[in-house]
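Here is a friendly note for anyone opening this structure for the first time. Please keep the view at hand and follow the points in order.

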Amino acid sequence: MMEAEHALALPLVLVAEDDPVMQVAIGRFLQKNGYRVEMADHGAMAVEKFRRERPELVLLDASMPVLDGFATCEQLRREEGGDAVPVIIVTGREDDAAVEQAFQVGALEFISKPIRWSVLRQRLKLLLRAKRLEEERARALQEVQSSHDRLAYERRIVEKIIVRMRRSSRFDRQDLRLLMAPVERTAGDLVLSMKRPDGVAHLLVGDFTGHGLPAALGGPVVADLFYDLTERGASPQEILVEINRKLYEKLPTGLFLAVAFLCLDRQAGRCQVWNGGLPEVLWFRDAGCIGRCVTTNVPLGIIEERPPEEAPCVWEVQSGDRLFLFTDGVVETTDPDGRMFGLEGMEGFLSGILSRGEGLAKLHEVLHDHSCHGPQGDDLTVVDLVV
């Protein structure tokens, strides 16, 4: 049983040769050198045996009845899998036309008669080695492609889960205008909005480091804490401390959340703003900027205990005032010379749309022009809160 299994493991060579004497000589030579042999008396028989036996190598005599070696090689190349099987043509002709014809029909080697057995031995070894290397390469590529396809599928599933987790029926869109343009389907930016039971509005705009799937993973955690604690009437400080604790506990080193948090009491005409790592929050009245809240706090998730916070910006707001929050993907959009759009460019843009009564959508065009139509490098988020 073991001998039979060993024999089947030997590479199979299909030989098409009409001369019985040469059949015996080639057969003995191949078997002596560790090959199994399948004989065919002419080209048509070789094609049939090729379909049935699936040899690893083919040796064809150029001059045969029914179908000569050149026509047989050409036919084999059209068979399923035939382009991957090395073919050697053996002929008594040594002229250039015969050599060129052999390679034109798809042969990989050409050997003249009388056969030099040492040459045939080396050609067979080299062709078999090359064939197996190519098969290994093809298998490796297939494995890589399969892994890539599997990872892509799994990524799509995770993205869908994260997108659904970040959506909330508790999100309060009233008096908000949004512009969000993620680089990938799952953004590192997030916008959360909800009123406390006492009617005071909470608004959080966040930007996780990086973009795409890794940056989006913390979003559901932040959203759940924000909505649950706001619903219970927690203060902004309490919410920020709890989010920081949870992110520090759950996120890997290097992944953190830059955040701006607004607490707007319309009845009292008072707005408090905490900024931890985002560009300046801008306060507009009519078309002019009358207030800026720069970052004074540490982004969330970096240190275990939040340090003593700087006092929040406190603004005495009026009905119709506009508060703008945006992530650094906006101001850090660069032109070909590396010049950023910047806070000054953003302030000028906002003043312009307010004076003309336009919306945020035009920012896409403005940033595209500034970058001279270059690729978007980071998630873009702008929030316009109408007091």
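**Notes on the model**

1. Met 180 sits in strand β6, residues 176-181. Helices (H or I, at least four residues) and strands (E, at least two) are DSSP runs, numbered from the N terminus. This is a predicted model, in which local features need pLDDT of at least 70 and side-chain atom pairs count only at pLDDT 80 or more, while totals for chains, interfaces and linings use all residues. Residues are numbered from 1 along each chain as its sequence is written, and side-chain values use heavy atoms, with hydrogens and water left out.

2. Is Met 180 buried or exposed? Neither label fits: with 39% relative accessibility, Met 180 is partly exposed. Buried means under 20% relative accessible area and exposed over 50%, with partly exposed in between (1.4 Å probe, protein chains only). Leaving aside residues up to four places away in sequence, Met 180 touches Asp 189, Leu 190, Val 191, Leu 380 and Thr 381; contact here means heavy atoms within 4.5 Å. Of these partners, do look at Leu 380: 200 residues separate Met 180 and Leu 380 in sequence, yet their C-alpha atoms are 5.6 Å apart.

3. Next, the disulfide, meaning a pair of cysteine sulfur atoms within 2.5 Å. How many does a search of the whole structure find? The search finds 1, joining Cys 293 to Cys 313 with an S to S distance of 2.5 Å. The link of Cys 293 and Cys 313 is right-handed, with 90° about the S-S bond. Because Cys 293 lies in strand β12 (residues 288-293) and Cys 313 in strand β13 (residues 313-316), the pair ties together parts that are 20 residues apart in sequence. Cys 293 is buried, at 2% relative accessible area.

4. Why does Cys 271 not bond to Cys 263? Cys 263 holds the cysteine sulfur closest to that of Cys 271, but the separation is 7.4 Å, too far for a bond. Cys 271 is buried too, with a relative accessible area of 0%.

5. Now for a helix pair. Two packed helices are described by the angle between their axes and the distance between the axes. Helix α3 (residues 43-53) packs against helix α4 (residues 69-78) at about 25°, and their axes are 9 Å apart. The angle makes α3 roughly parallel to α4; angles under 35 degrees count as roughly parallel, over 145 as roughly antiparallel, 65 to 115 as roughly perpendicular and the rest as oblique. Axes are lines fitted to C-alpha atoms, for helices over the stretch in contact, and angles run from 0 to 180 degrees between N-to-C directions.

6. Which residues of α3 and α4 meet? Gly 43, Ala 46, Val 47, Phe 50 and Arg 51 in α3 face Thr 72, Gln 75 and Leu 76 in α4 as contact partners.

7. Some loops also deserve a look. Pro 114, in the loop between β5 (109-112) and α6 (117-166), is joined to Lys 113 by a cis peptide bond, with omega about 0°. Asp 175 lies in the loop between α6 and β6; although not a glycine, Asp 175 has a positive phi of about 70°. Asp 286, in the loop between β11 (281-285) and β12, has a positive phi near 60° and is likewise a residue other than glycine. Asp 175 is partly exposed at 31% relative accessibility, whereas Asp 286 is exposed at 70%.
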